[in-house]
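Please open the structure in a viewer and keep the selection tool at hand. The tour below proceeds from one selection to the next.

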Amino acid sequence: MMEIRILGAGSGMPDKDLHSSSVLVQSEGKTFLLDCGDGCSYSLTKLDLDPDALDAVIITHYHPDHVAGVFLLIQMLYLAGREKVLPIYLPEREQDFGDVLKMFYTFSEKFNFELRLKPMTSLTEDYPQMRYALNDHLQGYGEIIAKHALKNRQCAFSIRINSKAGDFVYSSDISSTDSIADFVEGAHTLLLDAGHPAAEQVWKMANRGLKRILLTHRPNEQIRQALAQKPDNQFEEAREGSIYRI
Ligand SMILES: [Zn+2]
């Protein structure tokens, strides 16, 4: 069985009722944290998890609403006395991410655990049940990146976790569902960004053989109204704090 717990269903705009994007997945004896939006450490403390409970952290892309909470998470695990190796899979610029930790006085020499900053390309090698797909979310930044000669590679990923009971896909942020349409095919549950793509893009996911489509990242108003008027047995709004099972 797989348990998908929504720790943050908010968008990039802070909300009085919602935390930023973060999902805790427990599947076949492993525990994964997908994205670390602001507030994820507080949500994890409410679950009373052992500091060694997390097997891996996966950051899909570097927008603050997906990564800002990782710094406090690392500090919390250090203070809580974690001992187990912690791999963090990063979308790009692993070396620069390590430098940011040093800037924040988060020195791995102080930890009782080994922190491994790994590229997303290692994810499937380390966890064969996980797959990743590059999506279109960061494609609009080319001009700014070129202008400032930055090292950013516009990497934003969607993640798929396989289990005997069925697969879970986390779209993370996307501009269009077309960029992940093949990747989600036949999964059981899709946690879908319904804040960025147009409504018709979201509804298109109905044809991909999915059992359940949970809409997150603060679905846009058109989508919320459509769901309120005509409840659907495939689409529903993801509720923060809820656990969904496969
Ligand atoms: Zn986001």
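A residue counts as buried if 20 or more other C-beta atoms lie within 10 Å of its own. The model on display is predicted, and this cut-off is applied at the first stop.

**Stop 1: Asp35.** Select Asp35, located in the loop between β3 (30-34) and α1 (40-46). Is Asp35 buried or exposed? With 26 other C-beta atoms within 10 Å, Asp35 is buried, because the cut-off is 20 or more. Its backbone also deserves inspection: phi is positive, about 70°, although Asp35 is not a glycine. Most residues other than glycine have a negative phi.

**Stop 2: Gln154.** Move to Gln154, in the loop between α6 (142-147) and β8 (157-161). Here too a residue that is not a glycine has a positive phi, of about 55°. Gln154 is partly exposed, with 17 other C-beta atoms within 10 Å.

**Stop 3: Ile59 and the nonpolar core.** Select Ile59 and display its contacts. Leaving aside residues up to four places away in sequence, Ile59 touches Asp35, the residue of the opening stop, together with Cys36, His66, Val67, Val70, Ile88, Tyr89, Leu90 and Pro91. Next, extend the selection to the largest nonpolar core, which has 58 residues. Which of its residues touch the most other members? They are Val23, Val25, Val57, Ile59, Phe168, Leu190 and Leu192. In soluble globular proteins, nonpolar side chains tend to be buried together.

**Stop 4: Strand β1.** Select residues 2-8, which form strand β1. Five of its seven residues are buried, so the strand is mostly covered. Add residues 22-27, strand β2, which pairs with β1 in the antiparallel sense over six bridges. To locate this pairing, pick Met2 and its bridge partner in β2, Ser27. Then add residues 243-245, strand β13; its pairing with β1 is also antiparallel, over three bridges. Here Arg5 has Ile243 in β13 as its bridge partner.

**Stop 5: The whole chain.** Clear the selection and view the complete model, in which the chain has nine helices and 13 strands. Its radius of gyration is 18 Å, close to the 18 Å given by the globule rule for 246 residues, so the chain is as compact as a globular protein of that length. Along the principal axes, the C-alpha atoms fill a box of roughly 55 × 45 × 40 Å. Colouring by burial would mark 38% of the 246 residues as buried. Among contacts with a separation of 6 or more, 59% join residues 24 or more positions apart.

Key:
Residues are numbered from 1 along each chain as its sequence is written. This is a predicted model: local features need pLDDT of at least 70, side-chain atom pairs count only at pLDDT 80 or more; totals for chains, interfaces and linings use all residues. Helices (H or I, at least four residues) and strands (E, at least two) are DSSP runs, numbered from the N terminus. The radius of gyration is taken over C-alpha atoms; the globule rule is 2.2 Å times the number of residues to the power 0.38. A residue is buried if 20 or more other C-beta atoms lie within 10 Å of its own, exposed if 12 or fewer, and partly exposed in between; C-beta atoms are placed from the backbone. Two residues are in contact if their C-beta atoms, placed from the backbone, lie within 7 Å. A nonpolar core is a set of buried Ala, Val, Leu, Ile, Met, Phe, Trp, Tyr and Cys residues joined through C-beta atoms within 7 Å. Two strands pair if DSSP finds at least two bridges between them.
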